[in-house]
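Let's take a look at how two protein chains meet each other and how they meet DNA. Have the structure open beside you as you read.

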There are 2 protein chains.
Amino acid sequence: MLEPAIKKGLRATGRRMTRTRQAVLALLERTHQPLSATEIFEQLHQEKVSIDLVTVYRTLHVLKELGLVVQLDLHQEGLLRYELKEGRTHHHHIRCQVCGRIVDLLLCPLKKVTKLIERQTQFIVDEHTLEFTGLCPECQ
Amino acid sequence: MLEPAIKKGLRATGRRMTRTRQAVLALLERTHQPLSATEIFEQLHQEKVSIDLVTVYRTLHVLKELGLVVQLDLHQEGLLRYELKEGRTHHHHIRCQVCGRIVDLLLCPLKKVTKLIERQTQFIVDEHTLEFTGLCPECQ
DNA sequence: TTCTTATTGCAAGTCTATTGCAAATAACAT
DNA sequence: ATGTTATTTGCAATAGACTTGCAATAAGAA
Ligand SMILES: [Mn+2]
Ligand SMILES: [Mn+2]
Ligand SMILES: [Zn+2]
Ligand SMILES: [Zn+2]
């Protein structure tokens, strides 16, 4: 239950905890896959929660601003996914090309590479994205 | 001038070398940045080359099928970019958040990591994407 | 030049995501 | 409780990347 902490974050920025925001958060909390706006919309609908797709988008936008979710832009999907930060640290993902399952990779091998790139390019590196696609054990 | 080789590839699949395909290829050849369909369309228009945006999309699709271009799906851009394979080997990119400049990173640090992931997840890894964003020397 | 077939341009459509605005509702003061 | 105000919501419209259907055009072979 991370609701109290979130409520605080909302209030601190003049925002309100609403039933729709609660519904989105609760779904993200109980789902162990990064979800897209459409998936959230459809899942909540199945659960008879009345919410508009636009509201899902706006809720995710707010949660991102508050730093409560991470936005994932997985390779070649053409949509954005979101997962709760809650507990998890920076990590990356692998997605099955057949069934679409997304699995956390609990590693980031890019610390040293980032330093190297900064030296070589003179860029100041801010973010990176790293994702893998392939075949999951069941789809091989 | 890679035109002869490309013409061969086109012919081998029952396709034709047309003035629009030549124009797109020539632009990709002389531009040292990955280009989006819209950018190609606008640049060619400025050069008084008559071409429809749809044709640009279709041309890029063909070039990708023939393995002549790489399609890049850079983080948070919401569009696809293309660069000629010609000469270049597998590599990654860094993009400046301010001016949008994209620079080649002539490295790929992921061979060992891929093996590790395959062992840990039981996936068969097929592809990966890796990109960096930051501030280029001029925009710092 | 003629013929066949791939290619093109135009219009329309798809899909994800965003924006304007009036109605609904949460938070707060009375 | 009741009213006041500001935020949030739903609906409709819109934006932007990309795709598809189809008739007109043009490439390449004969
Ligand atoms: Mn994750
Ligand atoms: Mn490149
Ligand atoms: Zn990382
Ligand atoms: Zn690589």
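The report below covers the interface of chain B and chain A, the strand pairing, and the surroundings of DNA strand D in this predicted model.

## Where the two chains meet

Let's start with the protein–protein contact. It takes 39 residues from chain A and 38 residues from chain B. Putting the two together buries about 3,200 Å², and carbon and sulfur atoms give 64% of that area. On the side of chain B, the residues that lose the most area to chain A are F123(B), T129(B) and F132(B), together accounting for 21% of what that side buries.

What kinds of polar interaction turn up here? The rule finds zero salt bridges across the interface of chain B and chain A, but 16 residue pairs are in polar contact, with both residues at pLDDT 80 or more. The elements of chain B that give two or more residues to this side are β4 (92–96), β5 (102–105), α5 (111–121) and β6 (124–135). The largest share, 12 residues, comes from β6(B). Sorted by class, the side of chain B that touches chain A has 19 nonpolar, 13 polar and six charged residues.

## Strands that pair

Strand β6 is worth following across the chain boundary. Strand β6 (residues 124–135) of chain A and β6(B) run antiparallel and are joined by 11 bridges. To find your way along this pairing, look for G134(A), which stands opposite V125(B), and E131(A), which stands opposite T129(B). T129(B) is also one of the residues that lose the most area to chain A.

Within chain B, β6(B) has another partner: β4(B) pairs with it in the parallel sense over four bridges. Here H93(B) stands opposite E131(B) in β6(B).

## Around DNA strand D

Now turn to the DNA. DNA strand D is surrounded by 22 residues, and the closest are T20(A), R21(A), T55(A), R58(A) and R11(B). By class, the residues of this surface are seven nonpolar, six polar and nine charged. Elements that each supply at least two of them are α2 (19–30) and α4 (53–65) of chain A, together with α4 (53–65) of chain B.

Which part of DNA strand D faces the protein? Of its atoms within 4 Å of the protein, 68% belong to sugar or phosphate, and the rest belong to bases. Two contacts involve phosphate oxygens: one lies 2.9 Å from a backbone N or O atom of R16(A), and one is 2.2 Å from a side-chain N or O atom of T55(A). For a contact to a base, see R16(B), where a side-chain N or O atom is 2.8 Å from a base nitrogen.

Notes. Residues are numbered from 1 along each chain as its sequence is written. Chains are lettered from A and ligands numbered from 1 in the order in which they are written. This is a predicted model: local features need pLDDT of at least 70, side-chain atom pairs count only at pLDDT 80 or more; totals for chains, interfaces and linings use all residues. Side-chain values use heavy atoms; hydrogens and water are left out. Contact means heavy atoms within 4.5 Å. Buried area is the accessible area (1.4 Å probe) that two parts lose on being put together, summed over both. A salt bridge is a side-chain nitrogen of Lys or Arg within 4 Å of a carboxyl oxygen of Asp or Glu. A polar contact is a pair of N or O atoms within 3.5 Å; within protein, one must be able to donate a hydrogen and the other to accept it, and residues adjacent in sequence count only if both atoms are side-chain atoms. Ala, Val, Leu, Ile, Met, Phe, Trp, Tyr, Cys and Pro count as nonpolar, Asp, Glu, Lys and Arg as charged, and the others, Gly among them, as polar. Two strands pair if DSSP finds at least two bridges between them. A residue is near a molecule or strand if one of its heavy atoms lies within 4 Å of it.
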